[in-house]
Amino acid sequence: MPPRCPDAFSIIVAMLIVACTLAVPFASGQSTSHPIVPGFERFYAQSSGDVAAGELLIGELGCLSCHRAEAAIAARVLSKQAPILDHVGLRVRPEFLRAYLADPQKTKPGTTMPNLFSSVSEAERTEQVEALTHFLASTGSLLEGGPVTPAIRRGEQLFHTVGCVACHNPRREGSTQLSTSVPLPEMESKYSVPGLTEFLKNPLAVRLAGRMPHMNLDDTQAREIASYLLRNLEVASKLEYAYYEGNWDKLPDFDSLTPTSYGVSASFDVNVGRENSFAIVFRGRFRVEQEGNYVFHIGSDDGSRLKVDGHEVVTVDGIHPFSSGKGKIALQPGIHELEVQYFEGGGEQELKVEFQGKGIDRRALEYALVGSDDEQKATDRFQVDPTLAAKGKQLFSSIGCASCHQLRVDGKQLASERTAKPFAALVARGGCLSGTGAGVPRFHLNDAQSSSVAAAIKLLNNATTLPEKTPEQAITSTLIAFNCVACHQRGELGGVESGRNALFQSDQPEMGDEGRIPPHLTGVGSKLQPEWLKQVFDKGAKDRPYMFTQMPRFGSQNVGHLIAAFGQVDPEVADHGITTDIDERHLKAAGRKLVGSEGFSCIKCHTWGNEKATGIQSINMVTMTRRLKENWFHEYLLNPQQYRPGTRMPAAWPQGQVLLPTLLDGKAMTQIHSVWEFLSDGAKATAPVGLGTDPIILTAFDEAIIYRNFIEGAGPRAIGVGYPEKANQAFDANDLRIALLWHGAFMDASKHWIGRGPGFQPPLGDNILKLPLGVSFAILSSPEASWPTATAKELGYEFRGYRLGEARRPTFLYDVGKVRVEDTLVPDSKEPFTSATRTLKLATALPVENVWYRAAVGNSIEATDDDWYIVDGSWRIRLDVESTIRKSAGKVELLIPVRVTSEATVITQQYAW
Amino acid sequence: MTRTISAVILSVVAVASTNAVPGFAQTPTEADYYRLIPYDIPAYINLEAGGIELMPDGKLAVSTRRGDIYMIDEPFADPPTSVRWTPFAKGLHEVLGIHAVGDWLYATQRCELTRLKDEDGDGKADLFETVNDDWEITGDYHEYAFGSPPDAEGNIWVVLCLTGSFNSNAPYRGWCVRITPDGKLLPTCSGIRSPGGIAMNAAGDVFYTDNQGPWNGTCSLKHLKPGSFQGHPGGNNWYDITDGAIGPRPTEPQSESRMMVEAKKIPELEPPAVYFPYQKMGQSASGIACDTTGGKFGPFEGQLFVGDQTHSTVMRVFLEQVNGHYQGACFPFRAGFGSGSLSLKMTDNGLFVGGTNRGWGSRGNKPYSLDRLVWTGKVPFEIHEMRAKPDGFELTFTHEVDSKSAADVASYELQTYAYIYQASYGSPEVDHTKPTITRAEVAADKRSVRLFIDGLQEGHVHELHLLGIQSRQGMPLLHQEAYYTLNYIPAS
C-alpha cells in the first residue's frame with residue numbers, strides 16, 4: 001500500500017544550525033533532535049509502528065551493517081552505506097570531527113550517525129574521541145580556501161535552482177524551513193572551499209549509497225555552490241591578485257594593462273569577476289624546506305603561465321579547454337616569489353597550480369603558500385600526533401566505526417572488531433532502539449521511529465515465510481529512500497511538496513508547471529526505454545533545458561533495479577500494428593513535413609538539436625526516439641492529455657481524426673508512424689522546414705516604407721522609415737525625436753515577424769547615427785535653464801500621428817504644449833551616404849514664448865566656415881536660422897530659439913553623417 | 001491501457017462509415033449545416049488576421065499582426081475567386097481590432113488607438129491620427145492590445161495584455177480601458193491577463209476572452225463590467241494613477257483558492273462568465289462575435305461565437321444573467337478553420353474567421369488564413385440554450401426531441417469540477433463531483449427538457465453529455481456536450 005502523505009506543510013520553525021564553536025565542550029548529548037530521514041518525515045512522521053517505515057529506517061540508519069541479516073531480509077531493505085572515510089582528512093576539518101564524534105546529534109542536528117560514547121565517562125570519551133580525530137586527520141591534510149564574492153552570488157543562485165533545495169532547506173533569508181529537509185551541519189566548521197568543491201563534483205565517490213546524488217556540476221559550479229555554502233568562512237589570504245577585463249586569445253602583456261580591480265585570495269580562484277573575457281595575475285610567496293628540483297604543474301581553461309622568482313617555469317597559452325603543462329626549476333630552501341598569470345576568453349574557466357619535489361608528493365601549491373602572519377597561525381593549525389593516531393586506528397576497528405565506514409590504510413580496509421547480535425536475534429526493544437544500554441550506539445530515535453523499527457523487526461523475524469516485495473512495493477520504497485518523490489510524483493505517491501513548490505523554476509514561465517516541475521513517473525515504464533533509464537541513472541539528464549532543476553546521477557548500482565520493476569508494473573503499450581509498404585524515405589519525408597511548418601509545426605514549441613523553437617522551448621525532438629518507447633509515442637500523440645493531464649501539448653490527431661487528409665492517404669496511424677521514422681534519424685535527420693529564421697528584409701523601392709516595432713536605440717514605440725534613397729530614420733514616438741539615422745539597408749523584420757517576436761531589432765544598414773535621448777523641444781524659463789530630462793508625456797507633449805505625403809514620406813505630427821509641430825525628413829539625393837534635410841513647421845493659435853529647439857547635443861560642437869556644425873567630430877548639421885551653442889550639464893548643445901506665432905515658423909536643417 | 005491503438009482508430013472509422021442515421025446517407029457533420037469558404041490569399045500577402053471589419057462601401061478590411069490593413073473587394077463572392085486585395089495601410093504595430101466610424105477606420109495598435117483616413121481618394125490611407133496613447137509598452141511581445149467595436153456612446157474598449165504572464169511593467173497593462181470619441185482614456189476594469197478578443201453581446205455589454213495562465217485555471221469568457229476586477233492582480237498597481245476612476249484597489253486575492261470563494265470576499269471580482277475547459281473545448285480562446293443577423297446565421301440569434309486559436313475552431317456560448325452576473329454554457333460549434341482562429345466578424349452573409357499560428361501552433365496548419373462560415377439553411381440538431389435552475393437545468397433544443405430518450409435519465413452524464421484560482425500557471429480540474437440527475441422532464445412542445453439534479457455545485461463547471469438523446473426524427477445531437485459555468489445557483 002502506498003504510504004499516505006501526512007501534513008506536508010509541517011515546518012520546523014527553529015530547526016537548523018545550533019552554532020557550534022570549533023572546540024565544543026564534550027557535554028553529554030542532551031540533544032532534542034532525532035535522525036532526519038526525509039521519506040520518514042514526509043510519509044510516516046505521524047505513524048506508529050508502520051512496518052514499511054521501519055524497513056526504511058533500518059536501511060537509512062545502516063542497522064544491517066552491525067546486525068547481520070539473512071538474505072531474504074537484507075533483500076527487503078535498501079541499506080544505505082555510510083560515507084567512505086579513506087581520505088576524510090582531505091575534506092573535513094579535524095575540529096569538526098572532534099565535535100561530531102563527541103556528540104553527532106548536537107553538532108549536526110538530524111544526523112543519522114549514532115553517538116558511540118553516550119554511556120562512557122567523560123574522561124574516557126574525551127580520550128577516545130581525541131585519538132579517533134587524530135587518526136581520521138592523518139588520512140589527509142585539508143586544503144584551506146575561502147569563498148570569493150562573485151562566486152558566492154552565483155552559488156546562491158545555483159543552490160536554489162539546480163535541485164539542492166529539493167532535499168535541503170533553502171538558505172535565503174526568510175526561507176521556509178521544512179521538516180522533510182536533509183539537514184546540513186554548520187558548513188564553515190566542517191569544510192573548506194576546495195574540499196567541499198571536490199566533494200560536490202562527485203558525491204558518489206565517497207557516498208556510494210546515492211542518497212546525495214551526483215549533480216553533474218562542473219568545477220566552476222561546484223566551487224560556486226561551495227563558496228555560497230561557506231560564505232562566512234574567513235581564511236587568511238596569501239595571494240594578491242590584479243584583475244583585468246578585455247578580449248584576448250592569448251596571455252596579454254600585463255605590463256601594458258591597467259587592472260580593473262585588485263584583491264586578495266587564499267587560493268587560485270579565478271571566479272572573482274565576470275565569467276568571460278578577463279585575466280588575472282596572482283602574486284604570492286611559498287616556502288620549500290629542502291634544496292632540489294621542483295616540478296610545477298599548471299592547468300587551465302584558457303591560458304596560464306607560472307613564474308618563480310621572475311623566471312618563467314611553465315606556460316599553457318591560448319584558448320582551449322582545460323589542459324595542463326609542467327616545468328622544472330631548482331630551488332634553495334626558503335621563501336620564493338611566485339607569479340601566476342591567467343586569462344579567460346569564453347566558456348568554462350578553471351585554474352589549477354600544483355607542485356612536487358623532494359619529499360613532497362604532487363599537491364596544490366596553496367599548501368606551500370606563506371602569509372605575513374604565518375608563524376603565528378602555524379600554532380593554531382591541527383597537528384597530527386602519530387601516537388594518538390595509532391590508537392585511533394585501533395579504536396576505529398574496536399568500537400565499530402569500521403562496521404559502517406569503509407576506511408583503507410595503505411590499500412587495506414580496516415575490519416570491524418565489534419560484534420553485535422545478528423538481526424534474527426533482535427527482540428525489538430532496548431538496545432539501539434532506546435540507546436540507553438552500556439556501549440550501545442545512541443541514535444536519538446523519536447517514538448514514531450523506534451516503534452516503526454520495532455514493528456519491522458517483529459514482522460521480519462516472526463514471519464515464517466517472508467514474502468518478496470512486489471515490484472510496486474519495491475518501486476515505492478526506492479522512490480522514498482532516494483527521495484525521488486521530492487521531485488517526482490508516481491500515481492498518488494509523492495511529488496513536489498507545496499512548501500517547496502515555488503523553488504522549482506523555469507526560464508519558460510509560459511510553459512506553466514510542465515516547464516518547472518519534473519515529470520511524473522506514473523507509467524514511466526510504459527514510456528521510457530530501459531537503456532535510456534539506465535543512462536539517466538548513470539549520467540543524469542538535461543533533456544528539459546527550460547527546467548532549472550536537473551536530474552542528477554543516482555547510479556544504476558543504487559537504483560537500477562527500478563528499471564525492471566517499472567517494466568513489470570507499467571504495462572507495455574500494445575503494438576500499434578502499423579504495417580506499410582511505403583518506401584522508408586518517403587515515409588520519413590512525410591514525417592518531416594508533419595514536424596515542420598507545413599505540417600503541425602512541432603518545431604514552434606520543441607527545440608531541435610541546438611536550434612531554438614520560435615515559441616516556447618520545449619523538449620528536444622532529436623532525442624525522442626532514443627528516450628521513448630515507440631508504441632507509447634504513438635498512443636501519446638493521439639491523446640497527450642491521457643498521459644500528461646493539463647499538458648500544453650495539443651492533440652494533432654484529436655480522437656484519431658486526420659487534419660491533413662492528403663498526406664499518407666489520410667491515415668492517422670501511418671502519419672504518426674512517419675513522424676517516429678523521421679525522428680529516429682536523430683540529429684542526422686534533415687532539419688524540418690521552418691527551422692531557424694531566414695531574414696525578412698524590408699526595402700523601400702519607389703516609396704517610403706514604415707515599420708512600427710521595437711527598434712534597438714529607438715524604443716518600443718519606434719517608427720522606422722525606409723526611404724528609396726537608402727537613408728533611413730527611426731522616430732521615437734515616445735520622446736518625439738529622431739532617434740537613429742542610417743544608410744543602406746532598412747530593416748530585417750524576421751525577429752518580429754517569425755515566432756512571437758520578442759526583443760529589439762537594430763537597423764539592418766550601415767553608418768548608424770545615434771542621436772541623444774531626450775525631447776527636441778522645450779520651454780526654458782531662461783536661456784541658461786538646463787534642458788528637461790522628463791519624457792515627452794511627462795512634459796505634456798502629445799504625439800498626434802503622421803501624414804503620408806509625396807512618395808509616401810511621413811510628416812510626423814506632434815504638439816509641444818500649444819505648439820503644433822510638423823516634422824518631415826527628406827533624403828537629399830540617391831548618392832551613397834546622402835545627407836538628409838529635416839523641415840520643422842511650427843504653428844500656434846497664440847504666441848508662445850521661450851520655446852527652444854535643440855538641434856544637436858554632444859561632447860563637442862564646432863562651427864565651420866560654411867554654416868555647418870561638426871558634432872563630436874563625427875557628424876555634421878547645417879541650420880538656416882540663428883542658433884546658439886551653450887554648455888549645460890556637462891554637454892554642448894546647439895539650441896535654436898523659436899518665436900512661434902500663428903504664422904508658421906519653419907526651421908530647416910541638414911544632416912550629414 | 002490494454003486496448004490497442006488500431007482498435008481505437010477502427011472504431012472511429014466505424015462510426016463514420018456504418019453508424020448512419022436513418023434518412024441520412026451518413027451521420028450529419030458540421031459541414032452539412034455550416035459551410036466553410038476558404039479564401040485564396042495571394043502569395044505576396046501575409047494575412048495574419050488580427051482584425052476584420054465590413055466597410056460602409058461593402059469592402060472587407062482585414063488588419064494583420066505584421067501591421068498591414070488590406071481591403072478586399074467583393075468579399076462575398078462564392079466561390080471567392082473574383083475577390084481583389086489592395087493594401088490600405090502598411091507598417092503599423094500589430095493591429096488587433098479595426099472599426100469603421102464615418103470616414104475613419106479606427107485601428108488598435110500595440111501602443112495606441114489610431115484612426116486612418118484616405119484623404120486623396122487613391123484607396124490608401126494617408127492620414128494616421130493618434131486618438132489616444134495613454135497606455136504604454138515596454139518592448140515585451142506579450143503586451144498586446146485588442147480593440148472592440150464602438151459602444152453606444154462611441155467608446156472603443158481596449159483590453160491590454162500584461163507584460164508577460166505575471167507582471168505589469170507599463171501603465172494600464174492588465175487593464176481594460178475605454179477610449180472616448182474625443183480621445184480620452186477611461187480606466188474601466190483591472191485584472192486582465194492575456195486577452196484573445198473583445199466584443200459586445202446583443203445587449204451591448206462587453207466581453208473579452210482571457211487565456212489559461214496565472215490566476216486563470218483555464219481559458220474563459222469574461223464580462224467587462226465597468227469597475228470590476230477580472231481576477232489577475234498583476235496590474236493592480238495602476239489603481240494609483242486612475243484618480244479613483246473605478247474606486248480603490250481591491251483586496252488581493254488569496255492564491256490556491258477558488259474563484260467563488262474569493263468572489264465572495266472581493267466585491268469587485270467578477271467571475272468568468274463561461275469557462276472553456278482546457279483541451280476539451282480549446283486551449284487559446286480568441287475572437288468573439290455575436291449573432292445579430294436576425295436568423296441569417298441559423299437558429300442561434302443573440303448567442304456568442306468564440307474562436308480557439310490552438311484548436312482552429314469556433315465555439316458557441318449561451319449566456320444568461322443570474323444574481324446580476326452573466327454566466328452560461330459553451331458548446332462545440334465548428335472545427336476545421338485554416339489556421340489558428342483569432343479574429344471573428346459576424347455579417348449578414350456569414351461569419352468571417354481570420355487565423356494565424358505564428359508563435360503558437362494550431363491544428364489548422366496554414367500559417368494564416370481567412371475563412372467565411374455560412375449557414376446552409378439546414379437547422380442542425382443542437383442544444384439551443386442551457387439555463388440554470390434552482391434544482392437543475394433547462395435545456396432547449398433546435399428540433400423536437402424524441403420523448404423516450406430525452407426523458408430517460410440514463411441518456412445524460414453529468415460531472416462537475418472547479419479550477420484552482422492561483423498565482424501559478426493554469427490549473428487542473430479539481431473538486432470533481434458526480435451529481436445525480438433524478439428526473440428528466442420533456443416539455444409538451446418537445447423543444448425543451450427540464451433536468452432535476454441532486455447536488456448542483458456552486459462555482460463548478462457542469463459538464464453534461466447527452467449521449468442518448470435523439471431528435472423526433474431519430475437524429476443524434478450534432479454535438480453532445482455542454483459545459484455550464486455555475487457561478488451562481490438561481491434562487492428561483
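How many residues of domain 2 of chain A are in contact with domain 3 of chain A? The legends below take up that question and then tour the rest of this predicted model.

**View 1. Domain 2 of chain A meets domain 3 of chain A.** Here's the answer: 8 residues of domain 2 of chain A are in contact with 8 residues of domain 3 of chain A. On the domain 2 side, two elements give two or more residues each, helix H9 (149-161) and helix H13 (219-229) of chain A. H13(A) has the largest share of that side, with 4 residues. Sort the domain 2 side by class and you get 3 nonpolar, 1 polar and 4 charged residues. The C-alpha centres of domain 2 and domain 3 of chain A lie 27 Å apart.

**View 2. Chain A, domain by domain.** The domain assignment cuts chain A into domain 1 (38-141 + 388-462), domain 2 (149-229), domain 3 (239-372), domain 4 (471-569), domain 5 (584-684) and domain 6 (697-912). Note that domain 1 is listed as two segments. Chain A has 30 helices and 34 strands, and its C-alpha trace spans about 110 × 80 × 55 Å along the principal axes. Of the 913 residues in chain A, 45% are buried. Look at contacts between residues at least 6 apart in sequence, and 68% of them join residues at least 24 apart.

**View 3. The side of chain A that touches chain B.** Zooming in on the interface, 53 residues of chain A are in contact with 46 residues of chain B. Several elements of chain A supply at least two residues each to this side: H27, helix H29 (668-679), strand E17 (705-711), strand E18 (715-722) and strand E24 (798-804). By class, the chain A side has 25 nonpolar, 17 polar and 11 charged residues.

**View 4. Two strands pair across the chains.** E24(A) lines up with strand E9 (residues 127-132) of chain B, and the two pair in the antiparallel sense over 3 bridges. To find a bridge on screen, pick A:Arg803, whose bridge partner in E9(B) is B:Leu127.

**View 5. Helix H27 of chain A is mostly covered.** This helix runs over residues 630-638, and 8 of its 9 residues are buried. The buried ones are A:Asn631, A:Trp632, A:Phe633, A:His634, A:Glu635, A:Tyr636, A:Leu637 and A:Leu638. H27 of chain A also turns up at the interface, where it supplies at least two residues of the side that touches chain B.

**View 6. Chain B as a whole.** Chain B comes to 4 helices and 33 strands. Its radius of gyration is 23 Å, close to the 23 Å that the globule rule gives for 492 residues, so chain B is as compact as a globular protein of that length. Along the principal axes, the C-alpha atoms of chain B fill a box of roughly 65 × 55 × 45 Å. Buried residues account for 56% of chain B. As for contacts in chain B with a separation of 6 or more, 60% come from residues 24 or more positions apart.

**View 7. Inside the largest nonpolar core.** This core has 175 residues, and B:Val158 and B:Leu160 touch the most other members. Setting aside neighbours within four places in sequence, B:Val158 is in contact with B:Thr108, B:Leu113, B:Ala145, B:Phe146, B:Gly147, B:Cys176, B:Val177 and B:Ile179. Apart from the largest core lies another, of 100 residues, including A:Ile36, A:Ala99, A:Phe117 and A:Val193.

Methods. Residues are numbered from 1 along each chain as its sequence is written. Chains are lettered from A and ligands numbered from 1 in the order in which they are written. This is a predicted model: local features need pLDDT of at least 70, side-chain atom pairs count only at pLDDT 80 or more; totals for chains, interfaces and linings use all residues. A residue is buried if 20 or more other C-beta atoms lie within 10 Å of its own, exposed if 12 or fewer, and partly exposed in between; C-beta atoms are placed from the backbone. Two residues are in contact if their C-beta atoms, placed from the backbone, lie within 7 Å. Ala, Val, Leu, Ile, Met, Phe, Trp, Tyr, Cys and Pro count as nonpolar, Asp, Glu, Lys and Arg as charged, and the others, Gly among them, as polar. Two strands pair if DSSP finds at least two bridges between them. Domain bounds come from an automatic or database domain assignment. A nonpolar core is a set of buried Ala, Val, Leu, Ile, Met, Phe, Trp, Tyr and Cys residues joined through C-beta atoms within 7 Å. The radius of gyration is taken over C-alpha atoms; the globule rule is 2.2 Å times the number of residues to the power 0.38.
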